[in-house]
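Please open the model in a viewer and keep the sequence panel visible beside it. The tour below proceeds by selection, one stop after another.

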Amino acid sequence: MTDKLKVAFCGTPDFAVPSLNKLIERGYQLTVFTQPDRPKGRNNKLVAPPVKEIALKNNIPVFQFEKIRSDEGVRTLKKFAPDLMVTAAFGQILSQENLDIPPLGCINVHASLLPKYRGAAPIQWSIIDGEEYTGVTTMMTDIGLDTGDILLKEKVKIGEDENCEELFNRLSLIGADLLVRTIDELLAGTLPRIKQDANQATRCAMLKKETGKIDFRMTSQQIHNLVRGTYSWPCAHAYMDDELVKIWVTKKVDTDYDYNKDAEPGMCVIANPKIGLFIKTGDGIIEVKELQFQGSKRMDAKSLLLGKKLQDRKFI
RNA sequence: CGCGGGGUAGAGCAGUCUGGUAGCUCGUCGGGCUCAUAACCCGGAGGUCAUGUGGUUCAAAUCCCAUCCCCGCAA
């Protein structure tokens, strides 16, 4: 084992946790930088980022600058004097001054096959776009947005019904393994560095609430992708009589059902507690397995239909 | 004290405004019927109506007060 490599770890959400855990296992000397606690939930209670929880449990120093590129952030980083810096879903932009501090540079773990899906929500967008494959890439961080040289890459197939929470979990574990392999090769001097082909690059935007709005004129497959890709947040949704309805789980329909083929997209063409809930789409119907009306709990469609009549009512 | 919805049988809901025997759709148990079903028919069990030995009342799931829990929005 490499003794006492000093690593500054910058990460925030669950995705970054397995990577941090790996570095802890390695016994590196760590300092963690993460986002400040944010108000969450109904009473605006402050909630610590998952990475902070892990760090505290392991007695690792934690800093929560609003901006790590601030004077104070830079000063703190310099004082720790890391050999290497690692970022994983940090959510802050590093300055050149930050990047110049660690002699070995800065490695970023990014959940896409770069140069595709640079940006903030690559996992979600790869599902929404209906990609067959995605993966994790480690790269040398530079000043651009996910533009640094590619180091290692691992490709995975996206499951047909896999939602982005499941894919997140899968990729976060793969990312953690890829990270330590990257560090090993970096130290061994065998690490490849490949420039990104800017012509092939695509960039994905942050998800907005509005991203999850379902337009039932889309195809069943597109809707299924949207539901899976926005799972958990912002969650695919539609409205019925001004009531917000979250669509949690859908299933593509393979059976031949008898329903009104002339119904408008969004119409509940079959809404039977014994069969389920089926909504007309642009090219057929889609089954809604789990959904949630505003103010009420998330539940499976068949249960909901026991108490709520949705037959021939329409989602917009 | 951010705004709003809700807690009624194992599940999902109605009933609350206008106080007067606890209902519906399922499930479950028992029986019947059908070549068959998203089946159908008959019968039964199962609730201190979130909590308060709270207030009002002849009478509270329902009105008033307090507390707890769940959910949506906003951040």
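Which atom of RNA strand B is 3.2 Å from an N or O atom in the side chain of Asn 44? Select Asn 44 together with RNA strand B: the atom in question is a base nitrogen. The pair is a polar contact, a term that covers two N or O atoms within 3.5 Å; within protein, one must be able to donate a hydrogen and the other to accept it, and residues adjacent in sequence count only if both atoms are side-chain atoms.

Before the next stop, some conventions are required. This is a predicted model, in which local features need pLDDT of at least 70 and side-chain atom pairs count only at pLDDT 80 or more, while totals for chains, interfaces and linings use all residues. Residues are numbered from 1 along each chain as its sequence is written, chains are lettered from A and ligands numbered from 1 in the order in which they are written, and side-chain values use heavy atoms, with hydrogens and water left out.

**The surface near RNA strand B**

Keep RNA strand B selected and add Gln 292. An N or O atom in the side chain of Gln 292 is 3.1 Å from a sugar or linking oxygen of the strand. Next select Ser 303, where a polar backbone atom is 3.0 Å from a sugar or linking oxygen of RNA strand B. Strand E3 (38-40), strand E13 (243-252) and helix H8 (301-307) are the elements that give two or more residues to the surface near RNA strand B. Helices (H or I, at least four residues) and strands (E, at least two) are DSSP runs, numbered from the N terminus. Colour H8 separately, for the largest share of this surface, four residues, comes from that helix.

Now select every residue near RNA strand B, where near means that one of the heavy atoms of the residue lies within 4 Å of the strand. There are 21 residues around the strand, and those that come nearest are Lys 274, Ile 275, Ser 296, Lys 297 and Ser 303. The residues of this surface divide into six nonpolar, nine polar and six charged. In this grouping Ala, Val, Leu, Ile, Met, Phe, Trp, Tyr, Cys and Pro count as nonpolar, Asp, Glu, Lys and Arg as charged, and the others, Gly among them, as polar. On the RNA side, 56% of the atoms within 4 Å of the protein belong to sugar or phosphate, and the rest to bases.

**Salt bridges**

A salt bridge is a side-chain nitrogen of Lys or Arg within 4 Å of a carboxyl oxygen of Asp or Glu. By this rule the count comes to 16.

Select Lys 52 and Asp 37, which form a salt bridge with their closest N and O atoms 3.1 Å apart. Lys 52 lies in helix H2 (residues 50-57) and Asp 37 in the loop between strand E2 (29-33) and E3, so the pair, 15 residues apart, links distant parts of the chain. Is Lys 52 buried or exposed? Lys 52 is buried, at a relative accessible area of 14%, whereas Asp 37 is partly exposed at 24%. Buried means under 20% relative accessible area, exposed over 50%, and partly exposed in between (1.4 Å probe, protein chains only).

Move to Arg 38 and Glu 66, a salt bridge whose closest N and O atoms are 3.1 Å apart. Arg 38 is in strand E3, while Glu 66 is in the loop between strand E5 (62-63) and helix H3 (71-80), 28 residues apart. Arg 38 is partly exposed, with a relative accessible area of 35%, and Glu 66 is exposed, with 51%.

Finish this part with Asp 149, Arg 193 and Lys 195, which are linked in a network of salt bridges.

**Backbone details**

Select Leu 114 and Pro 115, where the peptide bond is cis, with omega near 10°. Pro 115 lies in the loop between strand E7 (106-110) and strand E8 (118-119). Then select Trp 233 and Pro 234, also joined by a cis peptide bond, with omega about 0°. Pro 234 sits in the loop between helix H7 (220-229) and strand E12 (237-240).

Cys 235 is in the loop between H7 and E12 as well. Its phi is near 75°, a positive value in a residue other than glycine, and Cys 235 counts as buried at 1% relative accessibility.

The last selection is Ala 89, in the loop between strand E6 (84-88) and helix H4 (96-99). Ala 89 has a positive phi of about 45° although it is not a glycine, and it is partly exposed, with a relative accessible area of 32%.
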